[in-house]
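Hi,

Here is the structure I promised to pass on. Have a look at it first, and then read my notes below.

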Amino acid sequence: MGTEPDVMEFATTEDLWRWLADHHETHPGGWVRLQRSKSNHPSVSFHDLLEAGIAFGWSESTRRANDRTTYLQHRAGMMQAWADYLDKLAKGADVIQFKAA
């Protein structure tokens, strides 16, 4: 079994965007702790997380309850397979041709 992914928490959208700018290319992904709407603790929203993730090529994939006031949203590199394919093409790999419909 592998190790459990990191659990991260961001109080502001600025913190989230700053972290993604610094780590989106090197971090494998992990869980982001989001506060439920009735919580009094500062937290980015799911929509903040989704918008920032898409901007940096990450996607949300799984949500799970954490406790009464928070839940965890799993973040993972969304476009890695596509990026790997493009890298192979750039290095001269064969292109698969498709017939027009």
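Let's start with a charged pair: the side chains of Arg18 and Asp15 meet in a salt bridge, at 3.1 Å from N to O. Keep in mind that this is a predicted model. Arg18 and Asp15 are three residues apart in helix H1, so about one helical turn separates them. As a general rule, an α-helix has 3.6 residues a turn, so residues three or four places apart point the same way. Are these two side chains buried or exposed? Neither, quite: Arg18 counts as partly exposed because its relative accessibility is 48%, and Asp15 is also partly exposed, at 29%.

A search of the whole structure turns up two salt bridges. In the other, the side chains of Glu9 and Arg33 come together at 3.2 Å, N to O. Here Glu9 sits in strand S1 (residues 6-9) and Arg33 in strand S2, so this pair ties together parts that are 24 residues apart in sequence. Glu9 is partly exposed at 41% relative accessibility, and Arg33 is partly exposed too, with a relative accessible area of 24%.

Now for the rings. There are two aromatic pairs in the structure. Trp17 and Phe56 form an edge-to-face pair, 5.6 Å centre to centre with 65 degrees between the planes. Since Trp17 belongs to helix H1 and Phe56 to the loop between H2 and strand S3 (58-65), the pair ties together parts that are 39 residues apart in sequence. Trp17 counts as partly exposed, at 33% relative accessibility.

Which residues of helix H2 (residues 46-55) are buried? They are Phe46, Leu49, Ala52 and Gly53. These residues cover an arc of only 135 degrees around the axis, which means that they lie on the same side of H2. On the face turned away from that buried side you'll find the exposed residues His47, Glu51, Ile54 and Ala55. After H2 comes Gly57, which has a positive phi, near 80 degrees.

On to the inside. The largest nonpolar core has 13 residues, and those touching the most other members are Phe10, Leu16, Trp19, Leu20, Val32 and Leu34. Helix H1 (13-23), strand S2 (29-35) and H2 each supply at least two residues of this core. In soluble globular proteins, nonpolar side chains tend to be buried together. Try clicking on Leu16: leaving aside residues up to four places away in sequence, Leu16 touches Phe10, Val44, Asp48, Leu49 and Ala52. Two of those names, Leu49 and Ala52, may ring a bell from the buried residues of H2.

Finally, the overall picture. The chain has three helices and four strands, and from the N terminus on they run β-α-β-α-β-β-α. How much of the chain is buried? Buried residues make up 27% of the 101 residues. The chain exposes about 7,400 Å², and carbon and sulfur atoms supply 54% of that. If you take contacts between residues at least 6 apart in sequence, 60% of them join residues at least 24 apart. The Trp17 and Phe56 pair, with parts 39 residues apart in sequence, is a nice one to look at with that in mind.

Happy exploring, and write back with any questions!

Technical notes. Residues are numbered from 1 along each chain as its sequence is written. This is a predicted model: local features need pLDDT of at least 70, side-chain atom pairs count only at pLDDT 80 or more; totals for chains, interfaces and linings use all residues. Side-chain values use heavy atoms; hydrogens and water are left out. Buried means under 20% relative accessible area, exposed over 50%, partly exposed in between (1.4 Å probe, protein chains only). The arc is that of the directions from the helix axis to the C-beta atoms. A nonpolar core is a set of buried Ala, Val, Leu, Ile, Met, Phe, Trp, Tyr and Cys residues joined through side-chain atoms within 4.5 Å. Contact means heavy atoms within 4.5 Å. Rings of Phe, Tyr and Trp (its six-membered ring) pair if their centres lie within 6.5 Å; planes under 30 degrees apart count as stacked, over 60 as edge-to-face and the rest as tilted. A salt bridge is a side-chain nitrogen of Lys or Arg within 4 Å of a carboxyl oxygen of Asp or Glu. Accessible areas come from the Shrake-Rupley method with a 1.4 Å probe; for residues, only the protein chains shown count as cover.
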